[in-house]
Amino acid sequence: METTLSKLTETRNFINGVFVSGNGNRMDVYSPLDGQKISTVPLSSPQELDAAVQAARAAFPEWSSRTLKERVQVLYKYRELLAKHRDELTEICHIENGKTWGESQAEVDKSIELTEFACSLPQIVSNEIQEVSRGVEVRLDRKPLGVVASIVPFNFPNMVPHWTIPNAIALGNCMILKPSEVVPLSSIRIAELLKEAGLPDGVFNIVNGGKEIVESICDHPEIKAVSFVGSTKVAKIVYQRATSNLKRCVALGGAKNHLIVLPDAHEEMTASNVIASMSGCAGQRCMAAAVMVGVDKVDHIVNRMVEEANKVKPGDTLGSVISKEAKERIEKYITEAEAAGAKVLVDGRNAVVKGKEGGYYVGPTVVDHVTPDMAIAKEEVFGPVISIIRTKSLDDAITIENSSGYGNAAAVFTQSGGAAKEVMERASAGMVGVNIGVPVPREPFPFGGWNDSKFGVCDITGKSSIEFWTQNKKTTVKWNPEARTNWMS
Ligand code: NAD
């Protein structure tokens, strides 16, 4: 039987409403579930990027001249198409990324929610007007920027593109998407469904590739704004390069999220939340729990976490990690921590899934008695691994959280309002949870971290994205020429 995936054996660029094969320079794409080759992806040239930019430029005058209410009509239809094709989009995400079916479905559902937010923009984006002087008004209109770009990572092939596409185009921009070259398939269906929903050609384009095409995006003089989501190393490169070319940029980076657990925390809820946070999406999400800082006597919670971790089964309730290299990197962190004196309570190394021996699996891993100086405590492991650091006081725990260079998320598990408030106030992170393991702020609240987890002023979603994807035009009007002359005349 021909599945959706079997039609996607050759990924193409999408320029001016048409799929194009590219210059012949291609890379193989593998499913991390079993290591099988599933497609190839173009490694595009700067000339191919330029063709997409010219298509976007040509589409901009007509698209941006429509009212916001007219533009979101396309997104209403697109939202229905996402819902209609939910299973197919789930399948593509599952196979190309390796996350479980349920996690892939949740990702598609989140894309639907993100599109719904864009549909609501006409209710939110009201222009401002005020009589600033007798007979004189100032009005502030939000205008689109023009051609913009969105560069995305491998870990959410469907959801992260939806952090930017619906809002940017609803607000009147024309977009170039640069998918991750290791998961380029979900974007194909996104393009097809946007076209089916009635999006004019050129408003949304895809240019595939890696480092070279990202650099070309940062350099292209006609691209006005760049959003980036990925590792901190590349976020810094993109932010510096795009802004040095005088572009607006928001660049989200990596994470090392600390969950502070106090002895009074609800045992079952805390243990299941911490394990779900560290193992969901195989730990490959920027909101995953990486370090649990246990304050004082938390052995009862750690024991319960071990029970919860042992219930998580690779190939069933736990997906694969993205590549052989990722599996090796994650396992190396565990081995080095163990050699330095940490205790591996649940060991996910050498996980093999029967029938999928070629897949890249790491089982859930709980490492206790980690010290803050170990690499596993400081660096982004990006796998289903939780490091437990023991402390005597809440103050020490907050100091450990604050010392991380990252600042995406932090959380506290406690039944004490005072302790929770202390962490809410003092955590050095953009997104904080109280008794929540994955504190993603849902729309209309914006998503974005602090410190090395984000470069740039705006957050990437929600109301903050309105600021990022538009520029203000301030118009001063004297309606009645006979109005008295004053200092504004
Ligand atoms: P990555 O930084 O390797 O790649 C991201 C994008 O940058 C891809 O499109 C890739 O093609 C491109 N790229 C890679 N190397 C480049 C280079 N040297 N120069 C220019 N472009 C380059 O990230 P990844 O491995 O795809 O994704 C995982 C990372 O993304 C993790 O660090 C994770 O924490 C982070 N992430 C952060 C958030 C957030 O909201 N802060 C969300 C999702 C993922």
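Colleague: Where does Pro444 lie?

Modeller: Pro444 is in the loop between strand S18 (431-434) and strand S19 (454-455). Strands are DSSP runs of E with at least two residues, helices are runs of H or I with at least four, and both are numbered from the N terminus. This is a predicted model, in which local features need pLDDT of at least 70, side-chain atom pairs count only at pLDDT 80 or more, and totals for chains, interfaces and linings use all residues. Residues are numbered from 1 along each chain as its sequence is written, and side-chain values use heavy atoms, leaving out hydrogens and water.

Colleague: Thanks! What kind of peptide bond runs from Glu443 to Pro444?

Modeller: That bond is cis, with omega near 10°.

Colleague: What makes the pairing of Lys178 with the ligand a polar contact?

Modeller: A polar contact is a pair of N or O atoms within 3.5 Å (within protein, one must be able to donate a hydrogen and the other to accept it, and residues adjacent in sequence count only if both atoms are side-chain atoms). A polar side-chain atom of Lys178 is 2.7 Å from a ligand oxygen atom, so the pair qualifies. For Glu181, a side-chain N or O atom lies 2.6 Å from an oxygen atom of the ligand.

Colleague: Why do you say that the ligand lies between domain 1 and domain 2?

Modeller: Domain 1 (4-253 + 453-473) and domain 2 (257-434) both give residues to the shell around the ligand, so the ligand lies between them. The domain bounds come from an automatic or database domain assignment.
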